[in-house]
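Work through the exercises below with the sequence and the model at hand. Each task is followed by a solution in steps.

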Amino acid sequence: MDQVIQDVHMNGGTAETSYSANSLAQKTAILITRPIVEEAILNILSKLYNTTTISAATSELRKTTIGIAELGCSSGPNALLVVSYILDSIYNKHFQSGSATPEILVFLNDLPGNDFNTLFKDVGGFCDKLRRTTGDGFGPCFVSGTPGTFYGRLFPSDTLHIVHSSYSLMWLSQVPHGIEKTNKGNFYIAKSSPPSVVTAYLNQFKKNFRVFLECRSEELINGGKMVLIVVGRSSSDPTSKECCSFWELLALSAHDLVLKGAIEKEISNSFNMPAYFPSPEEMKSVIMSEGSFTINRIETFGVNWDGSGCNGNEKSVTNKLISSHYIANSLRAVSEPLLADHFGEKIMDELYGRFMERIEEYAATEKN
């Protein structure tokens with residue numbers, strides 16, 4: 001379990017195959033959900049403050065702290081994007097111009113293997129930009145990194161007002177136990193996976209998500225909110241193409257290299273992704289059974305694999321070759337650390353090169 005926690009991180013830096021350079025799909029999802037994030041923080045603020053008395057209570061407001069946590073932040077342009085939306089709502093949409101604002105605590109969380117160095121380089125420019133856009137209304141804003149798994153406590157009780165997490169909660173704390181010898185040839189759930197594999201993945205997700213909810217319920221203030229963007233599926237079928245296709249293509253790419261003798265068959269057969277793509281019903285079931293949170297809304301929306309559009313708008317993908325290259329790099333950015341640890345770094349270029357060819361073939365006939 002500890003090894004998986006260490007290896008589940010995105011490719012760092014800013015190179016061609018880094019997460020920073022290949023996270024357009026994630027950005028698209030964040031842009032789509034911006035109104036929900038703004039609604040959440042404004043709702044919290046409206047309950048915390050009587051807006052008619054803000055000007056007369058500046059000294060009291062200065063003593064107030066708003067805690068914001070971005071869980072699974074990774075690095076790159078998306079890491080601070082949601083935080084900027086939240087702060088814009090605080091400074092420009094809730095408080096009157098010239099009013100004293102509360103102190104802001106921003107916690108950027110990811111696993112210890114995350115590229116925090118690249119992330120921290122962006123923080124200074126982020127704060128400078130914030131000062132320019134808010135002017136005199138800019139209050140004290142403190143940004144810190146919090147390494148650790150969110151499947152455990154990260155913050156003191158009653159510290160946070162809003163928690164945001166995007167494209168993170170589908171990652172599991174570990175590969176489900178007992179599937180190593182029963183899911184051969186697959187990297188994830190597939191049509192050929194026995195029912196025991198599907199059950200093991202679902203149970204691991206339920207266990208992890210429940211712990212996540214229990215921990216956040218302790219850390220959030222009474223009335224605090226969470227906005228969670230999770231890569232999942234709208235279908236009730238856990239083997240549906242919408243959530244399994246890209247991992248199946250990656251597994252087939254590895255099999256191609258097995259046939260060439262570049263990868264040993266047993267090594268390929270023993271790899272499984274520590275991830276699960278839940279349905280809305282599965283998420284709702286865990287939330288309701290855990291009991292700490294009320295669901296304000298659950299919505300589903302589509303994003304193309306290359307991040308070029310959403311809701312099945314395939315016209316936005318104008319060049320299949322360019323799109324396939326970007327998709328391969330995007331999946332490489334999020335999965336390479338795991339595969340490199342299992343297969344070795346030397347084979348990665350060849351593996352993901354074949355993966356790109358597989359994606360190009362797939363995109364010619366299927367939706368992505």
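A residue is called buried when its relative accessible area is under 20%, exposed when that area is over 50%, and partly exposed in between. The model is a predicted one, and the exercises apply these cut-offs to it.

**Exercise 1. A salt bridge in helix 3**

Task: Find how R34 and E38 interact, and decide whether E38 is buried, partly exposed or exposed.

Solution.
Step 1. The side chains of R34 and E38 form a salt bridge, with an N to O distance of 2.7 Å.
Step 2. Both residues belong to helix 3, which covers residues 34–48; they are four residues apart there, so about one helical turn separates them.
Step 3. E38 has a relative accessibility of 12%, which is under 20%, so E38 is buried.
Step 4. R34 has 28%, and therefore counts as partly exposed.

**Exercise 2. A salt bridge between two helices**

Task: Identify the partner of D256 in a salt bridge and classify D256 by accessibility.

Solution.
Step 1. The partner is R358, and the closest N and O atoms of the pair are 3.0 Å apart.
Step 2. This pair links distant parts of the chain: D256 is in helix 8 (residues 241–260) and R358 in helix 12 (residues 348–363), with their positions 102 residues apart.
Step 3. D256 counts as buried because its relative accessibility is 14%.
Step 4. R358 also counts as buried, at 19%.
Step 5. The pair is part of a salt-bridge network that links D256, R354, E357, R358 and E361.
Step 6. In total, the structure holds 16 salt bridges.

**Exercise 3. The order of the strands**

Task: Give the strand order of the sheet and say which strands lie at its edges.

Solution.
Step 1. The sheet is open, has five strands in the order 3-2-1-4-5, and pairs them in parallel.
Step 2. Strand 3 (141–147) and strand 5 (220–229) are the edge strands, since each of them pairs on one side only.
Step 3. From one strand to the next, the twist averages 15°.

**Exercise 4. Strand 4 and its neighbours**

Task: Trace the pairing of strand 4 with strand 1 and with strand 5.

Solution.
Step 1. Strand 1 and strand 4 are parallel and pair over four bridges.
Step 2. One position on this side is I68, whose bridge partner in strand 4 is I162.
Step 3. Strand 4, residues 160–166, is also parallel to strand 5, and six bridges join the two.
Step 4. I162 stands opposite K225 in strand 5, and H164 stands opposite V227 in strand 5.
Step 5. For the side chains, recall that in a regular strand they alternate between the two faces of the sheet.
Step 6. Strand 4 is mostly covered, with seven of its seven residues buried.
Step 7. Helix 7 (residues 195–219) lies across strand 1 (65–71), strand 4 and strand 5, and runs at about 140° to strand 5.

**Exercise 5. A nonpolar patch**

Task: Name the residues that make the nonpolar surface patch and locate I295.

Solution.
Step 1. M288, I295 and I298 make the patch, which has an area of about 260 Å².
Step 2. I295 is in the loop between helix 10 (280–290) and helix 11 (320–343).
Step 3. The relative accessibility of I295 is 31%, so I295 counts as partly exposed.

**Exercise 6. R297 and E299**

Task: State what joins E299 and R297, and classify R297.

Solution.
Step 1. Their side chains meet in a salt bridge at 3.1 Å, N to O.
Step 2. R297 is partly exposed, because its relative accessible area is 38%.
Step 3. E299 counts as partly exposed too, at 48%.

**Exercise 7. S323**

Task: Place S323 in the chain and give its C-alpha distance to G307.

Solution.
Step 1. S323 is in helix 11.
Step 2. The relative accessible area of S323 is 6%, so S323 is buried.
Step 3. S323 and G307 are 16 residues apart in sequence, and their C-alpha atoms are 9.4 Å apart in space.

**Exercise 8. The whole chain**

Task: Describe the chain by its helices and strands and by the share of its residues that count as buried.

Solution.
Step 1. The chain has 12 helices and five strands.
Step 2. It has 368 residues, of which 55% count as buried.
Step 3. Its accessible surface is about 16,600 Å², and 51% of that belongs to carbon and sulfur atoms.
Step 4. Among contacts with a separation of 6 or more, 80% join residues 24 or more positions apart.

Key. Residues are numbered from 1 along each chain as its sequence is written. This is a predicted model: local features need pLDDT of at least 70, side-chain atom pairs count only at pLDDT 80 or more; totals for chains, interfaces and linings use all residues. Side-chain values use heavy atoms; hydrogens and water are left out. Axes are lines fitted to C-alpha atoms, for helices over the stretch in contact, and angles run from 0 to 180 degrees between N-to-C directions. Contact means heavy atoms within 4.5 Å. Patches are made of residues with over 30% relative accessible area and no salt bridge: like charges are joined within 9 Å, nonpolar side chains (Val, Leu, Ile, Met, Phe, Trp, Tyr) within 5 Å. Accessible areas come from the Shrake-Rupley method with a 1.4 Å probe; for residues, only the protein chains shown count as cover. A salt bridge is a side-chain nitrogen of Lys or Arg within 4 Å of a carboxyl oxygen of Asp or Glu. Buried means under 20% relative accessible area, exposed over 50%, partly exposed in between (1.4 Å probe, protein chains only).
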